[in-house]
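This report describes the strand pairing, the nonpolar core and one loop residue of the structure shown below.

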Amino acid sequence: MTHDISRRRLLSGATGVLGGAAAVLLAACAPVGSPEPVASDDDVQAEVTVTVSDNRYEPAEVEIAPGQAVRWEFVGPNEHDVVAEDRSFVSELLVEGSYTHQFSEEGEYAYLCSIHPEMQGVVRVVAP
């Protein structure tokens, strides 16, 4: 009889450990949440338009001058966003619509999609 109790305890303990490990793994894979959006500069004329579709930015790399803007046009069917590495520009998750950001300072601004991190792009702001 004590042999049955030990076996039960062993199985119960193993089930608890495996369940806990599964919960940790699932939590590690879950998205942390979308970053806080930064308002779109909709009233600014964009110098360059980047199309967001099929899990890519087209073109992925663009170059503009200080004071100019980039518009990202979202064309479904999947949700995407534009999130700057430094969080200076962050769109909402969109299936369609657009997001515009005006760049005032020179620099290289890397960005990605928060739910598809393989989607990456860069805006280079270079003085003429």
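## Pairing of strands E4 and E6

In this predicted model, strand E4 and strand E6 (residues 97-102) run antiparallel and are joined by 6 bridges. Within this pair, Ala69 has Gln102 in E6 as its bridge partner.

## Pairing of strands E1 and E4

Strand E1 (residues 48-53) pairs with E4 in the parallel sense, over 5 bridges. Two positions illustrate the register: Thr49 has Arg71 in E4 as its bridge partner, and Val50 stands opposite Trp72 in E4.

## The open sheet

The strands E2, E1, E4 and E6 form an open sheet of 4 strands in the order E2-E1-E4-E6, with mixed pairing. E2 and E6 stand at the edges and each has a single partner strand, so one side of each lacks a neighbour in the sheet. From one strand to the next, the twist averages 25 degrees.

Strand E4 (residues 69-74) is largely enclosed by the rest of the structure, because 5 of its 6 residues are buried. The cut-off for a buried residue is a relative accessible area under 20%.

## The largest nonpolar core

The largest nonpolar core holds 21 residues, of which Tyr57, Trp72, Phe89, Phe103 and Val123 touch the most other members. The elements that contribute two or more residues to this core are E1, strand E3 (61-64), E4, strand E7 (107-113) and strand E8 (116-125).

Among these core members, Tyr57 has an extensive list of contacts when residues up to four places away in sequence are not counted. Tyr57 touches Val50, Thr51 and Val52, and also Trp72. Further residues touched by Tyr57 are Asp81, Val82, Tyr111, Leu112, Cys113, Met119, Gln120 and Gly121. Two of the residues that Tyr57 touches, Val50 and Trp72, are also the pair that stand opposite each other between E1 and E4.

## Pro59 in the loop between E2 and E3

Pro59 lies in the loop between strand E2 (56-58) and E3. With a relative accessible area of 31%, Pro59 is partly exposed, since this class covers values between the 20% limit for buried and the 50% limit for exposed residues.

Leaving aside neighbours within four places in sequence, Pro59 is in contact with Thr49, Val50 and Tyr111. Val50 and Tyr111 are also among the residues that Tyr57 touches. The C-alpha atoms of Pro59 and Val122 are separated by 9.4 Å, although these residues are 63 residues apart along the chain.

Notes:
Residues numbered from 1 in each chain as written. Predicted model: local features only at pLDDT ≥ 70, side-chain atom pairs only at ≥ 80, totals over all residues. Heavy atoms only, no water. Buried < 20%, exposed > 50% of the residue type's maximum accessible area, 1.4 Å probe, protein only. Pairing = 2+ DSSP bridges. Core = buried A, V, L, I, M, F, W, Y, C linked by side-chain atoms within 4.5 Å. Contact = heavy atoms within 4.5 Å. Axes fitted to C-alpha atoms, helices over the stretch in contact; angles between N-to-C directions.
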